[in-house]
Protein chains: 2
Amino acid sequence: MAQGAPNRQSTLDEVAELAGVSRSVASRVLNNAPHVSRAKREAVERAVLRLGYVPNPTARALATRQTGAAALVVSGEDPSIFADPFFAQVIVGASAALEEAELHLMLCLAASDRGRRRVERLLRSKGADGVMLMALREDDPLARMAEEAEIPVVFGGRPVGLDPRWYVDVDNLGGARAATEYLISLGRTRVVTICGRLDTEVGRARYRGYQDAMLAAGLEPYPPEAGDFTESSGAAAMAALSARHPELDGVFTASDNMGAGALRTLRDAGRRVPVDVAVIGFDDLAVARISDPPLTTVHQPVEGLGREMARMLVALINGQAPTPLILPTRLVTRASA
Amino acid sequence: MAQGAPNRQSTLDEVAELAGVSRSVASRVLNNAPHVSRAKREAVERAVLRLGYVPNPTARALATRQTGAAALVVSGEDPSIFADPFFAQVIVGASAALEEAELHLMLCLAASDRGRRRVERLLRSKGADGVMLMALREDDPLARMAEEAEIPVVFGGRPVGLDPRWYVDVDNLGGARAATEYLISLGRTRVVTICGRLDTEVGRARYRGYQDAMLAAGLEPYPPEAGDFTESSGAAAMAALSARHPELDGVFTASDNMGAGALRTLRDAGRRVPVDVAVIGFDDLAVARISDPPLTTVHQPVEGLGREMARMLVALINGQAPTPLILPTRLVTRASA
DNA sequence: CCTGAAACTGGAAGCGCTTCCAGCCTTCCA
DNA sequence: TGGAAGGCTGGAAGCGCTTCCAGTTTCAGG
């Protein structure tokens, strides 16, 4: 028999009855609240064990007006943008931080219109205690919804044209500048860039960093050649750049995936890396270590991004007033530059 | 002014009052239930719009005993196992399928003991309408919990030593066999394998497939050299194998990451791929396309895995009785073999 | 032994929504 | 025109838990 396996969920009432106390006392015991005598506390604990009681989170949520969950919303046209390992790492960080606060993680991939409507519902119905919002593009309707939401919202990266109250970002500008400076310090003077989508703040900031470094060194920045952060877009952009600027001797790409694509194109064209062309990526994902040659890149604390977003959200939920955060990046030198 | 932004959430009672009907009628309208006259239905809809009313999901959950959420649980010692893009793709598939059923996705990374306890709680407290369980290792306590759970559980891949009632798996055995057969058909006779962890069913099945193909071709299978599916473990295993079996001319690796690692080791050792050694991976992740040379590999429908798990779960939640599913794999030939 | 404060206790009122059910009102046919 | 059938309606009873509050008990201090 042991602890009888109740086929029906037992309730707090049953626990209270078995323990010979009122429901209020039982509730207080479960919540570690004061004003319970030692004897009754133990009686309740025994009953809980005996019944295999587990509180019903929904009922608790209704009574406390706290759902016990936080949502991570990833916005974007193409759902497979999310398959990027980048997000997986963000999730790992966020998940760990939320676990510490005993919050569940809900994941919303707002790709379709339908998905976006669900997110709106979530925000307005308080279906979660707070929301982390990522990858907002220019004019993303989600941004407005978030501003109007009555629950805490933390942005991951700053959306273009908005200046959110709470966000965690990565020092994209500084990282891009450092990468470009490094290329220049290597003696490269004809440094181009494959930047990310210019309708994202990430894309813009990384291009600005490149510009800054070029100008500071007295070099003329090349116009942006944009990709969408994917390998194939990087390969295509590299081909275009090679055709347009055959003299180039350095490339800063705004993502490792694009960097890998660039490497592929250069290899296919018979240009040696780093001898003929030095290449630097951004992100420091696994692909940077695997590519041939391994990619010099700007490391960003991706897991840290998720963790800090979650922590900031938890702070907000607890009524504190955290300040925005910009996480540092750092150059990791490998063989490609 | 437009649709007044109520600073307090409006309730169904308020909607009913404004529409001049009872709460029951209002509820029926919101749920598209019958027995509501056209006039009242419209009155309620007007009131909803006017108040900007959004139903409270928690209250609804309590009343219907349905949470409106499904959980995806990923088990494993190391939380970063999850950073594998594999899971990201599973999530994309699952998310899409759940969206169709209007279910939210909860993500649980059960790495720590604490995480595992939370999952147990989730299962026992019916904190979700159903659960998808992935990456269970031998003797994973989660497996037992799942069997005892009173909510629908779908396994992603079959856990070692268990024969779950509902699961979606990939044809690992067939894929591995096809890969090995292909190497043999290329004239390779000294084919080794870098298999995955042998305490996972995936690892075992892929090794078995290799064995089958070797035996069927009258060749003696080499003993398993195990990695943990990561790039570095693949590199290490390749080094060990090269030392032990310098005669080898073909390698089947149980993951693309390990395949990439093997390529790296071979390159560093000056062995040409595919001339000296042909290499085949498994998974068909992005890395297989990016590696040099691009990796011939066994494609598995990762997103499909997530999608089908979610569909099966939805079917179970709806009281249907789906049958287990084994998704096909297919060889994708590239330059490495 | 009395008094007031402090510590407990349990009744009861919610949290916001669904759903059963009894009664009402149409509608339509004989 | 009467009456049965059936569509509508709203009252009320939950769903399982938290929490306020008033009442009771306990106990140190006088």
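## Strand D and the protein

Let's start with the DNA. Of the strand D atoms that sit within 4 Å of the protein, 59% are part of sugar or phosphate, and the remainder are base atoms. Keep in mind as you look around that this is a predicted model.

How many residues surround DNA strand D? There are 26 of them, and the closest are A:L12, A:R23, A:S27, A:Y53 and B:R28. Sorted by character, the residues of this surface come out as 10 nonpolar, 10 polar and six charged.

Now zoom in on some contacts with this strand. The side chain of A:Y53 has an N or O atom 2.3 Å from a phosphate oxygen of strand D. A:N56 uses its backbone instead: an N or O atom there is 3.3 Å from a phosphate oxygen of the strand. From chain B, the side chain of B:R65 places an N or O atom 3.5 Å from a sugar or linking oxygen of strand D. Which elements give two or more residues to this surface? They are α2 (23–30) and α4 (57–64) of chain A, along with α2 (23–30) and α4 (57–64) of chain B.

## Strand C and the protein

Over to the other strand, DNA strand C. It is surrounded by 26 residues, with A:R28, B:L12, B:R23, B:S27 and B:Y53 as the closest. Of the strand C atoms that come within 4 Å of the protein, 59% are sugar and phosphate. The residues of the surface near strand C split into 10 nonpolar, 10 polar and six charged, and α2 and α4 of chain A plus α2 and α4 of chain B each supply at least two residues of that surface.

Phosphate oxygens of strand C show up in several contacts. A polar side-chain atom of B:Y53 is 2.2 Å from one. For B:R60, a side-chain N or O atom is 3.4 Å from a phosphate oxygen. Chain A joins in through A:K40, with a polar side-chain atom 3.4 Å from a phosphate oxygen of strand C.

## The two ends of α4 in chain B

Helix α4(B) is worth a look at both ends. What caps its N-terminal end? That job goes to B:N56, with a side-chain oxygen 2.7 Å from the backbone nitrogen of B:T58. Just after the helix comes B:R65, which takes a positive phi of about 60 degrees. B:R65 is also the residue whose side chain has an N or O atom 3.5 Å from a sugar or linking oxygen of strand D.

## Domains and a helix pair

Chain A is divided into three parts: domain 1 (12–55), domain 2 (69–170 + 303–327) and domain 3 (172–299). The C-alpha centres of domains 1 and 2 of chain A are 37 Å apart.

In chain B, find helices α6 (residues 113–124) and α7 (residues 141–148). Their axes come within 10 Å and cross at roughly 10 degrees. An angle under 35 degrees counts as roughly parallel, so α6(B) and α7(B) are roughly parallel to each other. On the α6(B) side, the contact is made by B:R116, B:V119, B:E120 and B:L123, and on the α7(B) side by B:P141, B:L142, B:M145 and B:A146. These residues divide into six nonpolar, no polar and two charged.

## Backbone oddities in the loops

Two cis peptide bonds to spot: A:V273 to A:P274 has omega near 5 degrees, and B:D292 to B:P293 has omega near -5 degrees. A:P274 is in the loop between α11 (256–268) and β9 (278–283) of chain A, while B:P293 is in the loop between α12 (286–290) and β10 (296–299) of chain B.

Finally, A:D284 has a positive phi, near 60 degrees, despite not being a glycine. Look for A:D284 in the loop between β9 and α12 (286–290) of chain A.

Technical notes
Residues are numbered from 1 along each chain as its sequence is written. Chains are lettered from A and ligands numbered from 1 in the order in which they are written. This is a predicted model: local features need pLDDT of at least 70, side-chain atom pairs count only at pLDDT 80 or more; totals for chains, interfaces and linings use all residues. Side-chain values use heavy atoms; hydrogens and water are left out. A residue is near a molecule or strand if one of its heavy atoms lies within 4 Å of it. A polar contact is a pair of N or O atoms within 3.5 Å; within protein, one must be able to donate a hydrogen and the other to accept it, and residues adjacent in sequence count only if both atoms are side-chain atoms. Helices (H or I, at least four residues) and strands (E, at least two) are DSSP runs, numbered from the N terminus. Ala, Val, Leu, Ile, Met, Phe, Trp, Tyr, Cys and Pro count as nonpolar, Asp, Glu, Lys and Arg as charged, and the others, Gly among them, as polar. Domain bounds come from an automatic or database domain assignment. Axes are lines fitted to C-alpha atoms, for helices over the stretch in contact, and angles run from 0 to 180 degrees between N-to-C directions. Angles under 35 degrees count as roughly parallel, over 145 as roughly antiparallel, 65 to 115 as roughly perpendicular and the rest as oblique. Contact means heavy atoms within 4.5 Å.
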